[in-house]
Every structure is written in C-alpha cells, then in structure tokens.
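Me: I should like to go through the assignments made for this structure and ask for the grounds of each one. Please set each value against its criterion.

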Amino acid sequence: MGLDFCEHLHMHHTIEEMYIFPVLARKMPAFRKELQLLSQHKQIHAGLDQLRAYLQDCARSERELRMPELKSVMDGFGTILWTHLSDEVEQLSAANMRRYWSVDEMKAMPIKRLLSVRVIKRRAYGSDHVSKSD
C-alpha cells in the first residue's frame, strides 16, 4: 500500500508537470518551471524516493518495518507536502483563477482533453496500447 502511494503520487505529479502546469504557466507564475509548485514537487520527490527505498527494503526483508523509522522518513517530507497541497489549492481557487483567466479562457483550456485516459496512454505508451474502451 505504501509503495502504491509512492507510485500514485509520482504519476499525479508527472501528469501535472507534463499536461496541466504548462497550460496554467502561460499566465500564472506559480506554475512556471523552477518556481513555487514545481520546486515543491522536487522536494517532495526527494522524500518520496527515501520512502520508496525504505519500503522496498522492507518488502525484500532486508530490514524490518519499524513504525518510528517509517514516521521519521515520512516526517522528512511531510511539511513540504502539506505546504504544497495548501499552495496548490490556493493557486487553483476560483478567486485566484479569475485574476489570470476569463471564464471563456478557462472553458477553452485543453485540460479535459489532455487528461483523458486515451490521450495519456497514447503519449506514454504509443497508440498500440490504447484500447477502444479507453
């Protein structure tokens, strides 16, 4: 379950960085490279890599899972993770979005199309892996 969390958070951030942030960055500085949100992703992933390594060691029985150790690893990136979540919610709030985008511009954003399962699979794996049910 912990390794699934690591994988899902990594995929979530990959999708944001490849498909969502570039669209938002056109007008919103917080989504530009090496600024607030992307820099937070890097910090989170440094801790996430440590968590993944710890959990993999435990899964291979190379070390025993000890809750104090697990907590210590997670505490190492917990603060930046919670800060990131708060910052992202603030940046994507309706009030803040209206500072940068008109309603028509928001409706025209290609994000829904970019996030369709079919498009993500095609870009990640090539068209051979996309089924008609996607």
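Reply: Read along the sequence, the protein chain has the pattern α-α-α-α-α-α-α. This is a predicted model, with 7 helices and 0 strands.

Me: What share of the protein chain counts as buried, and how much area does the chain expose?

Reply: Of its 134 residues, 35% count as buried. The exposed area is about 9,000 Å², and carbon and sulfur atoms supply 57% of it. As for contacts with a separation of 6 or more, 60% of them involve residues 24 or more positions apart.

Me: Why is Cys6 called buried or exposed?

Reply: Buried means under 20% relative accessible area. Cys6 has a value of 0%, and therefore it is buried. Cys58, at 16% relative accessibility, also counts as buried. The structure nevertheless holds 0 disulfides.

Me: What makes Tyr19 buried or exposed, and where is Tyr19 placed?

Reply: Tyr19 is in helix H1. Its relative accessibility is 6%, and the cut-off for a buried residue is under 20%, so Tyr19 counts as buried. The C-alpha atom of Tyr19 is separated by 7.2 Å from that of Ile111, although the two residues are 92 apart along the chain. Other buried residues of H1 include Leu9, His13, Ile15 and Glu16.

Me: Where does H1 bend, and by how much?

Reply: H1 bends at Glu17, by about 45 degrees. That value is the angle between axes fitted to the seven residues ending at the bend and the seven starting there.

Me: Which residues of the largest nonpolar core touch the most other members?

Reply: This core has 14 residues, and those touching the most other members are Phe21, Leu24, Met28, Phe31, Met97, Trp101 and Met109. Helix H1 (2–25) and helix H2 (36–59) are the elements that give two or more residues to this core. H1 gives the most, with 5 residues. Apart from this core lies another, of 13 residues, among them Cys6, Leu51, Tyr54 and Cys58.

Me: Which residues does Met28 touch, leaving out those up to four places away in sequence?

Reply: Met28 touches Gln91, Asn96, Met97, Tyr100 and Trp101.

Me: How many aromatic pairs are there, and why is the pair of Phe21 and Phe31 described as it is?

Reply: The count comes to 1 aromatic pair. The ring centres of Phe21 and Phe31 are 4.9 Å apart, and rings pair if their centres lie within 6.5 Å. The planes stand at 65 degrees, and an angle over 60 counts as edge-to-face. The pair is therefore edge-to-face. It links distant parts of the chain, with Phe21 in helix H1 and Phe31 in the loop between H1 and H2, 10 residues apart. Both Phe21 and Phe31 are buried.

Me: What is notable about the phi of Ser61, and what makes this residue buried or exposed?

Reply: Most residues other than glycine have a negative phi. Ser61 is not a glycine, yet its phi is positive, at about 60 degrees. Ser61 lies in the loop between H2 and helix H3 (67–91). Its relative accessibility is 65%, and exposed means over 50%, so Ser61 counts as exposed.

Definitions and conventions:
Residues numbered from 1 in each chain as written. Predicted model: local features only at pLDDT ≥ 70, side-chain atom pairs only at ≥ 80, totals over all residues. Heavy atoms only, no water. Helix = DSSP H or I, 4+ residues; strand = E, 2+ residues; numbered from the N terminus. Buried < 20%, exposed > 50% of the residue type's maximum accessible area, 1.4 Å probe, protein only. Contact = heavy atoms within 4.5 Å. Areas by Shrake-Rupley, 256 points an atom, 1.4 Å probe, with all protein chains shown as cover. Disulfide = S-S within 2.5 Å. Core = buried A, V, L, I, M, F, W, Y, C linked by side-chain atoms within 4.5 Å. Phe/Tyr/Trp six-rings, centres within 6.5 Å; stacked < 30°, edge-to-face > 60°.
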